[in-house]
Amino acid sequence: MREVRHRDWFGDEVRDGTYGYDLEALLAIEPVVPPAGFEELWRGWYAAAREVSPDPVLTPIGRQGAHEVFVVEHTVADGLRLRAWLATPADGQARFGMVHGHGYGGRDAPDWSRVPDEAAVIFPIARGQGVFNAGLGAPTPEDGHVLFGIDSVERYALGRCAVDLWHAASALLDVVGPLPLYFVGESFGGGIGALALPWDDRFVGATLVVPSFGQYDLRLRLPCEGSGERVRHHVAEHPEAREVLRFFDASTAAGFIHVPVRVEAALWDGHVPPPGQFAVANALEDLELSVLPAGHIEYPGLDAVLAESYAATRAHALRAVALAVDGSTIER
């Protein structure tokens with residue numbers, strides 16, 4: 001494997017964000033095989049989550065672009081009430097619903113870049129994160145969110161965050177009615193989405209952008225600047241945690257996803273090592289792959305890459321919904 005330094009993009013030399021992998025090598029990375037009981041565990045969690053009434057309470061905050069926006073508070077499995085933004089089309093009935101995840105640390109506001117005008121959308125914020133849920137149900141990222149409960153499969157924060165996505169979906173559908181759902185998640189949100197998607201047949205498609213939590217066999221050997229570094233050091237000191245992480249590998253879960261998924265995976269990424277991202281993509285049955293120059297960093301031409309990516313997600317969502325609703329396809 002070769003070492004590449006992106007001095008041209010970033011000025012000073014930085015850690016090699018390719019980790020020595022070129023595209024051919026990345027496309028050959030295998031996902032991690034599931035441990036015994038993996039599918040049964042996740043299906044059991046999903047069945048239990050569907051028994052919980054979301055009991056959403058909406059507070060209107062006004063129109064933003066094509067949507068009427070609300071703050072929503074809703075119930076999750078262990079009795080917590082989490083808050084999110086929820087939005088409905090201002091000029092008519094929603095055609096489908098979208099659950100839109102976020103990167104590690106939460107979000108400060110809705111992001112409309114990938115949301116079609118005809119979609120109702122919920123922007124959940126993970127427990128412990130963001131402006132609404134910081135410290136609620138889990139520590140903040142600064143205080144060790146990614147390690148919270150890592151000694152227990154039942155309590156690990158990543159699993160609880162994935163379960164919370166199902167509750168967010170239920171809250172949205174409680175408000176807008178029985179619509180097909182599409183998922184969008186980036187980095188942390190992409191990895192959590194990959195964990196949640198296989199078991200919930202309400203979702204008809206997804207976009208996962210530079211997804212995290214993929215291929216722990218490699219991830220735990222690759223130093224990074226993201227939350228994975230805390231996990232890597234923890235497992236080095238507490239090797240028994242590796243057995244817990246087997247149930248939260250996004251590349252393992254992706255092998256159980258049977259709906260169309262668009263993945264945007266980066267060739268260079270110092271926060272989420274590319275081998276983990278591509279392991280998620282390589283596991284998928286119905287994949288639309290977009291190879292990005294880099295992730296988690298600004299670089300020349302980024303605005304054009306983002307504009308193309310945003311449009312591609314909106315188009316992929318509309319195709320996935322059309323295919324699920326009546327078996328039709330629409331032109332790209």
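**Figure 1. Helices α3 and α5 are oblique to each other.** The structure is a predicted model, in which local features need pLDDT of at least 70 and side-chain atom pairs count only at pLDDT 80 or more, whereas totals for chains, interfaces and linings use all residues. Residues are numbered from 1 along each chain as its sequence is written, and side-chain values use heavy atoms, with hydrogens and water left out. The axes of α3 (residues 38-50) and α5 (residues 157-176) come within 10 Å and cross at roughly 40 degrees; axes are lines fitted to C-alpha atoms, for helices over the stretch in contact, and angles run from 0 to 180 degrees between N-to-C directions. Angles under 35 degrees count as roughly parallel, over 145 as roughly antiparallel, 65 to 115 as roughly perpendicular and the rest as oblique. Helices (H or I, at least four residues) and strands (E, at least two) are DSSP runs, numbered from the N terminus. The crossing of α3 and α5 is right-handed, the near helix being turned clockwise from the far one by less than a right angle, whereas anticlockwise would be left-handed.

**Figure 2. Residues in the contact of α3 with α5.** From α3, the residues W42, W45, Y46, A49 and R50 meet G159, R160, A162, V163, W166, H167 and S170 of α5, where contact means heavy atoms within 4.5 Å. These residues divide into seven nonpolar, three polar and two charged; Ala, Val, Leu, Ile, Met, Phe, Trp, Tyr, Cys and Pro count as nonpolar, Asp, Glu, Lys and Arg as charged, and the others, Gly among them, as polar.

**Figure 3. The open sheet of nine strands.** The strand order is β1-β2-β3-β5-β4-β6-β7-β8-β9, with mixed pairing, two strands being paired if DSSP finds at least two bridges between them. At the edges stand β1 (57-64) and β9 (287-292), each with a single partner strand, so one side of each is left without a neighbour in the sheet. With direction ignored, neighbouring strands of this sheet are turned by 20 degrees against each other on average. Within the sheet, β4 (residues 96-100) and β5 (residues 119-124) pair in the parallel sense over four bridges, and V99 stands opposite I122 in β5.

**Figure 4. Strand β2 and its two hairpins.** Seven of the nine residues of β2 (residues 67-75) are buried, so this strand is largely enclosed by the rest of the structure; buried means under 20% relative accessible area, exposed over 50%, and partly exposed in between (1.4 Å probe, protein chains only). On one side β2 pairs with β1 in the antiparallel sense over seven bridges, and P60 has F70 of β2 as its bridge partner. The hairpin of β1 and β2 has two residues between the strands, and G65 in that turn has a positive phi of about 60 degrees. Nine bridges join β2 to β3 (residues 81-89), and these two strands run antiparallel, with T75 standing opposite R81 in β3. In the hairpin of β2 and β3 five residues lie between the strands, and G79 in the turn has a positive phi of about 90 degrees.

**Figure 5. Helices α6 and α11 against the sheet strands.** Helix α6 (residues 188-196) lies across β6 (181-186) and β7 (203-209), and runs at about 140 degrees to β6. Helix α11 (residues 274-283) packs on the sheet, where α11 touches β7, β8 (261-266) and β9, and its direction makes about 160 degrees with that of β8.

**Figure 6. Helix α6 and its buried residue A194.** Nine of the nine residues of α6 are buried, so this helix is largely enclosed by the rest of the structure. The elements that cover these buried residues include α3, α5, β6, β7, α10 (250-254) and α11. A194 is found in α6 and is buried, with a relative accessible area of 0%. Not counting residues up to four places away in sequence, A194 touches L208, A250, A253, A254, I257 and V280. A194 and S251 are 57 residues apart in sequence and, from C-alpha to C-alpha, 7.8 Å apart in space.

**Figure 7. Positive phi at D55 and V210.** Although D55 is not a glycine, its phi is positive, at about 45 degrees; D55 lies in the loop between α3 and β1 and, at 45% relative accessibility, counts as partly exposed. V210, likewise a residue other than glycine, has a positive phi near 35 degrees. V210 is in the loop between β7 and α7 (216-219), and V210 is buried, with a relative accessible area of 2%.
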